[in-house]
Amino acid sequence: MSAPDWYEAGLPHIWLPYAQMKTAPAPLAASATHGSRITLTDGRELIDGVAAWWTACHGYNHPHIRAHAEAQLATMPHVMFGGMVHEPALRLASRLSAMLPGDLERVFYTDSGSVAVEVAMKMAIQYRINRGEVGRVKMLAFRGGYHGDTLATMAICDPEEGMHHLFAGVMPAQHVVDLPRDETSTAAFEAFVTTHAHEITAIIVEPLVQGAGGMLFHSPAVLRRLRESADRHGLLLILDEIFTGFGRTGSMFACQQAGIVPDIITLSKALTGGTMALAATVARRHVYEAFLSDNPEHALMHGPTFMANPLACACANASLDLFESTPRLEQVAAIETALHEQLEPCRALPGVKDVRVMGAIGVVEMDKINDPAALRTRFISEGVWIRPFRNIVYLTPAFTIQPDELRSLTRAIEHVLATDNAKRNER
């Protein structure tokens with residue numbers, strides 16, 4: 001089939017993400033979505049294995065979210081949040097505060113995960129400034145971590161393995177160390193914190209899973225060590241749950257598996273069920289109270305134009321309805337069981353380094369992937385949308401995916417990797 005007019009007219013003017021535009025293959029033209037499926041303009045249908053970059057946890061076009069979006073669109077799609085509030089945002093803030101552990105009770109809205117993290121960093125730094133603590137402006141982050149693509153967040157991503165090494169030195173350097181996974185790394189971490197605590201304001205980490213850094217897992221014990229160290233040295237603990245929040249790791253929030261409460265948490269991606277852009281930075285009471293003052297300079301001077309967008313907040317409220325009324329975590333547990341069983345045969349394939357599963361996350365780690373784009377094309381030919389990156393092939397499906405759809409995804413991974421290895425051996 002020939003490409004639609006809008007594709008031919010618009011493609012020469014678009015700049016795609018994470019792509020070398022000179023050599024990147026032509027993108028697919030999508031025309032519709034439903035459940036766990038994407039329909040292309042040429043009539044092909046793909047089973048989506050990554051849920052639109054981990055966002056569409058209830059599947060695409062869920063009728064409950066769509067109904068709430070339509071109702072909000074008809075009444076008030078947007079209004080400024082400066083000096084004005086509205087029911088969707090306030091109701092959502094109350095619900096998030098009730099869901100989150102401890103006294104995480106003050107919600108600051110933004111419209112992307114990167115900005116939510118930047119706001120968390122800004123809160124942590126100004127927390128010290130408002131309290132008169134001098135010099136504590138550094139963040140402590142971890143190798144393998146990823147927190148966004150904006151300038152400030154790039155400085156707390158892995159500087160060597162990440163995608164931002166070209167920008168080294170552009171922003172003030174932050175501390176990036178190894179996670180305290182075992183006795184040796186814990187000793188090294190504690191020694192570092194002891195030496196540098198006087199200049200650190202906060203520790204930031206993706207709990208349980210470092211997502212874009214390679215789907216790297218760590219145990220709840222690691223989070224408990226970080227919480228204990230933060231308390232011991234008077235540091236704030238920021239948990240970046242943009243990927244892990246809302247059920248992806250098997251609990252509503254990953255931090256719940258460690259039984260800890262961060263001082264600040266960031267949320268996005270599945271917050272609206274993948275329907276609208278929305279993010280939130282939520283602070284505990286003692287963090288918020290450091291901004292209450294007769295001094296106007298102690299206020300948090302930040303305000304994205306579309307913060308607390310009513311349409312997005314309505315979608316988020318509808319998404320929370322579904323978590324309350326449907327067995328989403330049970331569905332995640334079933335997906336976890338299926339992924340364990342169905343991906344395990346990949347471990348025997350040549351070139352496979354590891355197979356790991358947590359919640360609705362399944363990972364096949366390779367020794368290397370020479371051409372992720374070519375591998376993606378192979379998956380498309382199998383009728384699935386799977387987007388390998390770095391040296392991993394991974395699945396983060398919708399929680400509502402049907403068992404036969406999930407089986408098609410895992411079967412495609414095993415078949416493509418086995419065939420790919422066979423072809424390499426022939427050469």
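The protein chain folds into 13 helices and 16 strands, where helices (H or I, at least four residues) and strands (E, at least two) are DSSP runs numbered from the N terminus. Please keep in mind that this is a predicted model, in which local features need pLDDT of at least 70, side-chain atom pairs count only at pLDDT 80 or more, and totals for chains, interfaces and linings use all residues. Residues are numbered from 1 along each chain as its sequence is written, and side-chain values use heavy atoms, with hydrogens and water left out.

So how compact is the chain? Its radius of gyration is 22 Å, close to the 22 Å that the globule rule gives for 427 residues, so the chain is as compact as a globular protein of that length. That radius is taken over C-alpha atoms, and the rule is 2.2 Å times the number of residues to the power 0.38. Along the principal axes, the C-alpha trace spans about 70 × 55 × 45 Å.

Now for the inside. Of the 427 residues, 52% count as buried; buried means under 20% relative accessible area, exposed over 50%, and partly exposed in between, with a 1.4 Å probe and protein chains only. Take the contacts (heavy atoms within 4.5 Å) with a separation of 6 or more: residues 24 or more positions apart account for 71% of them.

Let's move to the annotated residues. In an unreviewed UniProt entry, the annotation "binding site" covers Gly113, Ser114, Asp240, Pro304 and Thr305. They span 193 residues in sequence and the farthest two C-alpha atoms are 22.6 Å apart, so they do not all gather at one spot. A small caution: UniProt positions are given in the numbering used here, feature names are shortened, and annotations may be inferred rather than shown by experiment.

Two of these residues are worth a look. Pro304 sits in the loop between helix H9 (285-289) and helix H10 (310-325), and Thr305 is also placed between H9 and H10. Which of them is buried, and which exposed? Pro304 is buried, at 17% relative accessibility, whereas Thr305 is exposed, at 62%. Beyond its neighbours within four places in sequence, Pro304 is in contact with Phe108, Tyr109 and Thr110.

Last stop, Ile369, in the loop between strand S14 (361-366) and helix H12 (372-381). Ile369 is buried, with a relative accessible area of 15%. Not counting residues up to four places away, Ile369 touches Leu375, Pro388, Arg390, Asn391, Ile392 and Val393. With Asn391, 22 residues apart along the chain, the C-alpha separation is 5.1 Å.
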